[in-house]
Amino acid sequence: MVGVDSFLTAESTAAVRSFNRFGKLAWDRTAWPFNSVIEQIIPDLRVRSVQVGSGGSSYTSAPTVAFSGGGGNSAAATATINSDGEVNGIAVTNNGTAFTGVPTVSFSGGGGSGATATASMLTYIDFGTTISEIFRVTTNDPYGTASTSELAFRNIQDASGSSEYGEAILPDRASNAPVWVHYRAGFPGYASDSTVFPYIFSEYAVLGAYSDYLATDGQFDKAQVIQAQAEAIILQELDKLERQQGQQQYVNFITYGTTSQIGL
């Protein structure tokens, strides 16, 4: 029975993989009530860039750049010099974290003197393993006030290269003041003994897993038919959600230093 056991194990593994694949596809389709969160988050203020004020003179090699004050830590940067012995640029190699103000930039070594620079700060929201996607950021509680002030944001890759989901930057904002964030929680992933698979995904995932099986078996026409049936089911759930909650997506764009909003 060893061969049979191995076959059943492989089938079970494939089924779980398909359930997770279609479960995540459904999870990421919209802001479902069970994966959508609106809460206040304290963002992280970091060094985004450094502008050279005076290039100084007589540098024979690039001086060392240091940050002090500002309440944060771990910021780092590398300076470059030109043929005239002046500092002509600074590249931030580590944005640092936990700043409450603008740090002072200083130079040492390199054989010269007189270089000055100023740090520019930017607000970040770190996703960690909690946030998978941000839908909306506001300065105040969108449910607790008659009107809200929208904040534009841009999703970016986590610079640390870790397994975390990523992070977002808030353009034209340099503050660690709390903001309200509407986000989708991360997909939890399911094992063969899981008992909490979202009910509204179940039929979609079952049909999706069946279509995967048919495709693996070479029955591609049947797989496409079953896949279409699965898509029709999830579209029904999406339509029901939109009618129940009146969901509306927003697109924010920045113009002349302000954030405007368009409903789609």
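Strands here are DSSP runs of E with at least two residues, numbered from the N terminus, and in this predicted model threonine 138 lies in one of them, strand S8, which covers residues 131-138. That residue is a convenient place to begin, once the whole chain has been viewed.

**The whole chain**

Colour the protein chain by secondary structure, and 3 helices and 13 strands should appear. Of its 264 residues, 34% are buried, and the accessible surface comes to about 14600 Å², with carbon and sulfur atoms holding 51% of that area. Among contacts in the chain with a separation of 6 or more, 69% are between residues 24 or more positions apart.

**First stop: threonine 138**

Select threonine 138 in S8 and show its side chain, which reaches the backbone oxygen of asparagine 140 at 2.6 Å. Because buried means under 20% relative accessible area, threonine 138, with a value of 1%, falls in that class. Extending the selection to its contacts, and leaving aside neighbours within four places in sequence, brings in Thr148, Ser149, Glu150, Leu151, Val179 and Trp180.

**Second stop: threonine 148**

From that list, move to threonine 148, which is found in the loop between S8 and strand S9 (154-156). At 27% relative accessibility, threonine 148 counts as partly exposed. Two side-chain polar contacts can be drawn from here: one of 3.2 Å to the side chain of arginine 136, and another of 3.5 Å to the side chain of glutamate 150. When residues up to four places away in sequence are not counted, threonine 148 touches Arg136, Thr138, Asn140, Asp141 and Pro142. A distance label between the C-alpha atoms of threonine 148 and valine 137 should read 9.7 Å, for a pair that is 11 residues apart in sequence.

**Third stop: the sheet S1-S11-S8**

Now display S1, S11 and S8 together, since they form an open sheet of 3 strands in the order S1-S11-S8, with antiparallel pairing. Strand S1 (36-41) and S8 are the edge strands, each pairing on one side only. Direction ignored, neighbouring strands of this sheet are turned by 30 degrees against each other on average.

On one side of the sheet, S1 pairs with strand S11 (residues 179-185) in the antiparallel sense over 6 bridges. To follow the register, select serine 36, whose bridge partner in S11 is arginine 184, and then valine 37, whose bridge partner in S11 is tyrosine 183. On the other side, S8 and S11 run antiparallel and are joined by 6 bridges, and here valine 137 stands opposite valine 181 in S11.

How much of S11 is buried? The count is 6 of its 7 residues, so S11 is largely enclosed by the rest of the structure. While the side chains are shown, it is worth keeping in mind that in a regular strand they alternate between the two faces of the sheet.

**Fourth stop: two loop residues with positive phi**

Next, select aspartate 172, which has its place in the loop between strand S10 (167-170) and S11. Its phi is near 60 degrees, a positive value in a residue other than glycine, and at 63% relative accessibility aspartate 172 counts as exposed.

Then go to serine 74, in the loop between strand S3 (64-68) and strand S4 (76-81). Serine 74 likewise has a positive phi although it is not a glycine, with a value near 75 degrees, and its relative accessibility of 48% makes it partly exposed.

**Last stop: helices H2 and H3**

Select residues 199-216 to pick out helix H2, whose 18 residues reach 26 Å from the first C-alpha to the last, close to the 26 Å expected at 1.5 Å a residue. Its buried residues are Phe201, Tyr204, Ala205, Leu207, Gly208, Ala209, Ser211, Asp212 and Leu214. An α-helix has 3.6 residues a turn, so residues three or four places apart point the same way. After H2 comes glycine 218, with a positive phi near 85 degrees.

Finish at glutamate 237, in helix H3 (residues 220-245). Is this glutamate 237 buried or exposed? Glutamate 237 is buried, with a relative accessible area of 17%. Apart from neighbours within four places in sequence, glutamate 237 is in contact with Trp32 and Ile200.

Notes: Residues are numbered from 1 along each chain as its sequence is written. This is a predicted model: local features need pLDDT of at least 70, side-chain atom pairs count only at pLDDT 80 or more; totals for chains, interfaces and linings use all residues. Side-chain values use heavy atoms; hydrogens and water are left out. Helices (H or I, at least four residues) and strands (E, at least two) are DSSP runs, numbered from the N terminus. Buried means under 20% relative accessible area, exposed over 50%, partly exposed in between (1.4 Å probe, protein chains only). Contact means heavy atoms within 4.5 Å. Accessible areas come from the Shrake-Rupley method with a 1.4 Å probe; for residues, only the protein chains shown count as cover. The expected span of a helix is 1.5 Å times one less than its number of residues. A polar contact is a pair of N or O atoms within 3.5 Å; within protein, one must be able to donate a hydrogen and the other to accept it, and residues adjacent in sequence count only if both atoms are side-chain atoms. Two strands pair if DSSP finds at least two bridges between them. Axes are lines fitted to C-alpha atoms, for helices over the stretch in contact, and angles run from 0 to 180 degrees between N-to-C directions.
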